[in-house]
Amino acid sequence: MFASVGLLALSCTSALAQQITGVPGAPSATTTLDGKQLPPPDPKFGGVIKEKASESTSWWAPRVVPPKGAPNVLLIMTDDQGFGAPSTFGGVIPTPAMDRIANAGLRYTNFHSTALCSPTRAALITGRNHHSVGYGVVGEVSTGFPGYDSIIPIEKGTIGTTLKANGYATSWFGKDHNTPSYQSSQAGPFNQWPNGMGFDYFYGFVGGDASQWQPNLFRNTTAIYPFEGNPKWNMETAMADDAIQYMKQLKELAPDQPFFVYYVPGATHAPHHPTPEWIKKISDMHLFDDGWNKVRETIFANQKRLGIMPENAKLTPWRKGLPEWDSLSWDEKKLFIKQADVYGAYLAYADNEIGRVIQAVEDLGQLDNTLIIYIGGDNGASAEGMVNGTPNEFTTFNGVPVPVKDQFLWYPFWGSDRTFPHFAAGWSWAMDTPFKWTKQVASHFGGTAQGVAMSWPGHINDVGGIRRQFHHVIDIVPTIFEATGIPQPDTVNGIKQIPIEGVSMAYTWDKANASATTKHTTQYFEMLGNRAIYSDGWVAATTPATLPWELSSAAPPDVITGYTWELYNVQEDPTQFNDLAAKMPDKLKQLQDLFYCEAKKYNVLPLDNSTLSRWNAPRPNLTAGRTVFTYSGELSGVPASAAPSILGKSYTITAEVTIPEEGRAEGMIVTEGGRFGGYGLFLSKGDLGIGRGKVVFLYNLLDLKRTMWEGPELGAGKHTIVFDFKCDGPGLGKGGTGVLSVDGKEVAKKSMENTIPVTFPEDETFDVGLDTRSGVAMVEYRYDPPFKFTGKIDKLTFKLEPFTPEQEAKAKP
C-alpha cells in the first residue's frame, strides 16, 4: 500500500468529523482530533509484525494537526491601560498598532474585564469566570477558599492546553500573574507556570509587576539576566524581539503549523518605564499640559466623534475628593504633567513594540491567516499611585504617601531605572473616560471597560466597524475555539472538564449582525466586596465603600449590609450616569437576587472586603511554620514566598564566612529587595581599594531613607558576622534596634523609627552570595549587581522571632 505517494484524504467517522490526511501509517500522515479526550489515546498499531523486519510492515501514528484552515492566533492584552487612554478609543495617546487592527477589523466598545490583573488573566486563558478558576482576587492576597486560592483547577483547563494538544505551537510572552506566589520558586511545583498550563514556550516575568529595566525575567522556568551590563536594555523591546524570533523560527521549521501567541506586556502597569526617546517624543506633543479635567473632556469629544460612544452618552462627573486641575499649585501641575508624559510614553512605546510583532506576522506572509485580538488593558487605569503619584509604587503598597516636594528629587529621571513610578489618581480617572471609577472597582465600568480591536482578513467583513454588544473577557476562549474549529475537550489528562462559561463573539463579525442582540446576557462582577450584576441591558452595582487610591488599615464596612446599591439602564445610559435605584426598587431587588444566585454558582462566596489582612494572611508556602533557615554558598532568584521574612518581627542573621588568604573580600552575603526597598548584609566594595571588605548591614526604607550599620574590614581567615534586630512590638511598620557584631564583638548599634510595613518589592528576590537585579545601596556603599561575594559563605542562618497571637492581640487598639 506504500506504492502510491499521492495524498489520500480519508474521513474517520466521528461527531466532529476527524480528518486523516495522507497515506495511513506513512510518516507524513496527519490527523485532527475529535476533541473529546486530551491527550488522545495512542492509536492502535496498523502495520504487520513478523519475526523478521524484512517480512514486516512499519506503521507510524499520524501527526496531530489542527483542522484545515485553522488560523494563527495572536492574543494581545496590555496592563492597567484604561478605556479612554489609546487613540483607538478616543484617547490622546497615539496607538497606531491598535488603530491598525481596528481599521482592519472591528472595535468593541462594550467589552469588560474583572477590574484586577490576575483575575482577568485567569478568566482570559480559561474562558471561565475568575472565581470559578480560583482568582476572585489577585494572587498576592489569596485565601483558602475555592474562589480565592489562586489555583486554576485541573477540571477547568486553559486555552493553551487545548490548542497545544490539537497541534498548535503555543507561547506566552510578558506578564505571568497566574502562577501562585507561593509556588513561584525554583522548587516549584511548575504545573501552574505557563509551561504547565499548555504553553510550549514562556518568556516573561512572574508576578504583578516588574521593572522593565531589570525584571525578574524567565525563559520557561529558568531565571535569565540579559540586562546585566546592558543599561539600554528594556523588556518591551526585548520581549518583541523574542516573540518575532519565535514566530520566524517556527514558520521556517514548520511552515504549516499554526501558532497561538499570547502576548501580554507589563505596560502600562507601574512602574512606567519607557525609553528616554519615547519620553521626549510624547513630552514634545504636550498632550497633558491642560490637565486631567480638560484631557477628559477632549477624550469624550473624540469618543463621540469616532462613534465609540453613542450620541446619548453623558460624561460622568468628576469624583469629589480628587482635586480639580485648576485648584493645583504650579509645582503640583509640573510634577503631574511629567507623570502623565511618562505614562503616555510607556503606552505609546508598548504599542509600537506590539506593532513590530504585528508587522512581523505580515512579513512572514501570515497576516491574512491570523486572528488578532488586541485588548486594551486587563482592567481600568490604576489609581494605585495615590492622590499625588509616587516615584516608587511600593510606597503605595506600604501605605506611605510621598509629598509632592519630595518627589521632585526623582523628577529629572522619572521613568528611568532609578524610579518605580506611578501617576496621580486624577490621571487614572481621566484615562477611564467616560466612566466612573478605576482599577479595583468591579462595580462600575471605569474598573472593567476595555477597548478591544479584532481582525481576521476574509472572516471579519465589516472592516472598521464598531460593535456595542455586551461581552466579557471569558468570551475570548470560545471565540478562538470557534475560529479554529477546535471544541472544548470533554476530558484533559483523564479529568472531566467543566463547561466554558463564556460565549463566542464570532457572531458579531458579519456586517449583517452589527446590531444583533448580545449573546452574553448575564454577567456578575465582584472584587474586594464591590459587586455588580449585568442582565439584559441593566446593571445593579454597589457604591464603593473604600477608595482605590488609599491603602487603609481601618476596618471596612460589613460586606453585606454596609453597601449602597445603584441601578442603571445601560442600554439607554451606557456610562452609568443616571442612578435609577430610588425610582425602581423592585428592579433593583430583582438584580440583587440574581447577583447572589450567580455568586453561589461561580464560587464568589464568601464575600470578603478586607485587603491588608489578606495581604499578610498565611499561605501554604515553603516557609510556613519555619523560624530557622540555613544556607551556604550561592543561591539566587528566590521569591519572597520561599524566603525568610523579616517583616514585623525580631530576627537574627548569622553569617560564617571565610576570607581568602590573598586579601580582603567584597560582595553581597545576603539580600532581599533592591533599590526600592529591602536590606543587604555585605562586605563593601570600597573606593580605589580604600575601605574594601568593610562589614555593612544596610536597611533601605522604600528608597526614602537608608540606615547603615558599619563594621571593620575583614582580614584573611574565618569570621562570624551577626546582625540582631529587636522589633519594638507588633504592628505595621514598627521600628526597632539593630546590633551588628563581628567575631563576638559589638561594632555598631542603631535604632530605626520605622521598618517596611507590608512588602518588599515583589519583582526583587532573596539572594545569597550575590545580588540580582538592583542593589539596595544608592550612594554610600553603592555597588553594581551581581556583586558576587569573593569570599566563601560557610553557613548563613536566619533565626526569626515572630510575635505570638497573644502579643498581637494585646497590641491592637
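Two strands pair if DSSP finds at least two bridges between them. Strands (E, at least two residues) and helices (H or I, at least four) are DSSP runs, numbered from the N terminus. With that in hand, S650 has E801 in β34 as its bridge partner.

The model on screen is predicted: local features need pLDDT of at least 70, side-chain atom pairs count only at pLDDT 80 or more, and totals for chains, interfaces and linings use all residues. Residues are numbered from 1 along each chain as its sequence is written, and side-chain values use heavy atoms, with hydrogens and water left out.

**Stop 1: the domains**

Colour residues 20-63 as domain 1, 72-602 as domain 2 and 628-810 as domain 3. These bounds come from an automatic or database domain assignment. Domain 2 and domain 3 have C-alpha centres that lie 37 Å apart. At their border, 30 residues of domain 2 are in contact with 24 residues of domain 3; contact means heavy atoms within 4.5 Å.

**Stop 2: the sheet with β25**

Select β23, β34, β25, β30, β31 and β32. These 6 strands form an open sheet, in the order β23-β34-β25-β30-β31-β32, with antiparallel pairing. Which strands are at the edges? They are β23 (628-631) and β32 (745-754), each of which pairs on one side only. On average, neighbouring strands of this sheet are turned by 10° against each other, direction ignored. Such angles are taken between axes, which are lines fitted to C-alpha atoms (for helices, over the stretch in contact), and run from 0 to 180 degrees between N-to-C directions.

Now keep β25, residues 650-659. Of its 10 residues, 7 are buried, where buried means under 20% relative accessible area, exposed over 50%, and partly exposed in between (1.4 Å probe, protein chains only). Add β34 (residues 792-801): the two strands pair in the antiparallel sense over 9 bridges. Besides the S650 and E801 pair, look for Y651, whose bridge partner in β34 is L800. Then add β30 (residues 717-727), which pairs with β25, also in the antiparallel sense, over 9 bridges. There, E656 has T720 as its bridge partner.

T720 leads on to S741, since T720 is among the residues that S741 contacts. S741 is found in β31, residues 734-742. Is S741 buried or exposed? With 16% relative accessibility, S741 counts as buried. Leaving aside neighbours within four places in sequence, S741 is in contact with T720, I721, V722, E746 and V747.

**Stop 3: strand β21 and its partners**

Select residues 538-542, which make up β21. The strand is largely enclosed by the rest of the structure, because 5 of its 5 residues are buried. In a regular strand the side chains alternate between the two faces of the sheet. Here W538, A540 and T542 point one way, and V539 and A541 the other way.

Next show β20, residues 530-535, which runs antiparallel to β21 and is joined to it by 4 bridges. A532 stands opposite A541. The hairpin of β20 and β21 has 2 residues between the strands, and in this hairpin D536 takes a positive phi near 50°. Then show β22, residues 565-569: 5 bridges join β21 to β22, and these strands run antiparallel too. The bridge partner of A540 in β22 is L567.

**Stop 4: two helices**

Two packed helices are described by the angle between their axes and the distance between the axes. Select α1 (residues 96-104) and α7 (residues 330-363). Their axes come within 7 Å and cross at roughly 45°. The two helices are therefore oblique to each other; angles under 35 degrees count as roughly parallel, over 145 as roughly antiparallel, 65 to 115 as roughly perpendicular and the rest as oblique.

Which residues of α1 meet α7? P96, A97, M98, R100 and I101 do, and they meet D351, I354, G355, I358, Q359 and E362 in α7. By class, this contact has 6 nonpolar, 2 polar and 3 charged residues. Ala, Val, Leu, Ile, Met, Phe, Trp, Tyr, Cys and Pro count as nonpolar, Asp, Glu, Lys and Arg as charged, and the others, Gly among them, as polar.

**Stop 5: two loop residues**

Go to Q183, in the loop between β8 (169-176) and β9 (201-206). Q183 counts as buried, with 13% relative accessibility. Apart from neighbours within four places in sequence, Q183 is in contact with I151, G188, P189, N191, Q192 and W193.

Finish at G35, in the loop between β3 (30-31) and β4 (37-38). At 3% relative accessibility, G35 also counts as buried. Draw a distance from the C-alpha atom of G35 to that of L347: they are separated by 39 Å, and the residues are 312 apart along the chain.
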